[in-house]
Amino acid sequence: MIKIFKPTIFVLCLVPFIIIAYQILFNKLGAEPVKQVTHHTGEWTLRFILLSLAMTPLKNITKILAWIKYRRMLGLFAFFYGTLHLLTYIGLDYQFNLDPIIDDVLNKKFIFIGFAAWILMLPLVVTSNQKMVLILKQNWKKIHRLSYLIGIFAVLHFIWLSKTIFFEPLIYLIILITLLTLRLDFIKFLLKKKSVT
Amino acid sequence: MKLHKFKSSEITPESFYINRREFLKKMGIVTGTAFTSQNIITSALSYTPETERKITPYKFATTYNNYYEFGTSKSDPHKNSKDFITNPWDVKIDGEVENEITLSVEEIKNMIPSEERIYRFRCVEGWSMVVPWLGFPLNKLLKKVKPTSKAKFVKFTSVYDPDQMKGQRFPVLNWPYKEGLRIDEAMHPLTIMVTGLYGKELPNQNGAPLRLIVPWKYGFKSAKAIVNIKFVEKMPVSSWMNASPNEYGFYSNVNPNVSHPRWSQATERVIGENIYSPRIKTLMFNGYGDEVAGLYDGMDLRKNF
């Protein structure tokens, strides 16, 4: 099953990239093209972060181990879209003008936290392969707990850039809180108890 | 920072205007109604016309709007305002005046001829357009009433109609939308009441039937679908001031030196440009400093943002 599923999901994960590439090439981005690319890549980064964070709770709830096999791929796609998002901001929006970018990172909290989220992804990417899991052993788990922080930073990034209280950032916040709550020990305990009885 | 300078060839193509005039003619012949009642002056321009930047394509000016009464996404106003009824429509001018009046939009249009004003429009979010509005100086309308000595500010209230305006069913802002100007700002010849754009009737998504345009201020100051103009003694609290007082001030003059707490206002993105176009520098008072800087002599614009 996994042999068919994994490539299929890989291709599905590329669909947002194919959509935006098509829109760029065929000039279908509308009134504010740069903003459109920024939003699209940013939104998908957040979705992939939440998807990767959903795998462990799904494993625990469904008692199906296979979910875990997709966690790394989804996390790497989060990094892929996050990098596109960052490059859009640096390259397309500010045309590699570093002064306003540095100014933004230091003075605007939503940009600071977004940038911080991307930086925190780097150690996870570097340690994502099987070899690193074996080398790092228990430390691997500790390092990869950074993903919770990345999730929180990414949602804050979205909330802080919104002009007023919008539904979308709130929905992501609710999903994030749910996913993190499911990892709490007493919740896990309750879930286990329920499945036993 | 590298900035895009417009070549003279990029300024409004003549064909655009020819098409527009033809359109007006057609409107007159075909429908013979609504629009002919609007007396349009295109020759008597009482302001410096736009020469540096090209006019934003009509498509973008009418499909990329912030109008939360119809939804918070930029495309919502165009989609959700199609059936919005703007006729009949009364505007009440009251408050600290000796003779409050209520006028229908038709009466106002017949009383005061509209002229074309090509203005830059700068949104607080950091994007801008150049729009050929049809309208008249607000002072021509305000002169119909006699303000008392107490009147210091003018408060604008937009329509409240959650049945027709989906966005008003949610507490995104404290509805109805409220905005305000100091009397001297409201009386300034650049401040206009808009009845149309691109030689056409004002589309619903742009604030039909009557909206304000204050070109040296961020776009949200220019209230749409106005039903009440009130002379008041105290500085009105606008909907955005109420929502986030440290982000949106009463004055909200376009100012590249005063950043929004969450983003810079030094540059802006030009709507309708392609994906590789750089941002352009934002000008003080949106480029209307010669005309309006005097209104703020001696004021600390960092404090009075």
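## A tour starting at the end of a helix

Start by selecting Gln95(A): this residue comes after helix H3(A), and its phi is positive, near 45 degrees. As you look around, keep in mind that you are viewing a predicted model.

**Stop 1: helix H3 of chain A.** Now select residues 71-93 of chain A, the 23 residues that form helix H3. At 1.5 Å a residue, this helix should span 33 Å, and its end C-alpha atoms lie 31 Å apart, so the expected and modelled spans agree. Where along the helix should you look for a bend? Click on Leu87(A), where H3(A) bends by about 25 degrees.

Stay with H3(A) a moment and colour its buried residues. Among them are the aromatic side chains to pick out by name: Phe77(A), Phe79(A), Tyr81(A) and Tyr89(A). Gly75(A), Ala78(A), Gly82(A) and Leu84(A) are also buried in this helix, and so are Arg71(A), His85(A), Thr88(A) and Asp93(A).

**Stop 2: the whole of chain A.** Zoom out and show chain A as a cartoon. You will find 10 helices and 0 strands, which read along the sequence as α-α-α-α-α-α-α-α-α-α. The radius of gyration of chain A is 18 Å, close to the 16 Å that the globule rule gives for 197 residues, so the chain is as compact as a globular protein of that length. Along the principal axes, its C-alpha atoms fill a box of roughly 55 × 35 × 35 Å.

What share of the 197 residues of chain A counts as buried? The figure is 26%. Among contacts between residues at least 6 apart in sequence, 64% join residues at least 24 apart.

**Stop 3: where the chains meet.** Bring chain B into view and select the interface. Here 19 residues of chain A are in contact with 19 residues of chain B. On the chain A side, the elements giving two or more residues are helix H2 (33-62), helix H4 (98-107) and helix H8 (146-161). By class, that side has 12 nonpolar, 3 polar and 4 charged residues. For the complex, the predictor gives an ipTM of 0.79 and a pTM of 0.83.

**Stop 4: confidence along chain B.** Finally, colour chain B by pLDDT. The average is 87, and 84% of the residues score at least 70. Select residues 1-39 of chain B next: the pLDDT there is below 50, and the stretch has 39 contacts in the model beyond near neighbours in sequence. Residues 41-45 of chain B also have a pLDDT below 50, with 5 such contacts.

Technical notes:
Residues numbered from 1 in each chain as written. Chains lettered and ligands numbered in written order. Predicted model: local features only at pLDDT ≥ 70, side-chain atom pairs only at ≥ 80, totals over all residues. Contact = placed C-beta atoms within 7 Å. Helix = DSSP H or I, 4+ residues; strand = E, 2+ residues; numbered from the N terminus. Nonpolar A, V, L, I, M, F, W, Y, C, P; charged D, E, K, R; others polar. pLDDT = per-residue confidence, 0-100. Rg over C-alpha atoms; globule rule 2.2 N^0.38 Å. Buried ≥ 20, exposed ≤ 12 C-beta atoms within 10 Å, placed from the backbone. Expected span 1.5 Å × (residues − 1). Bend = angle between axes of the 7 residues up to and from the residue.
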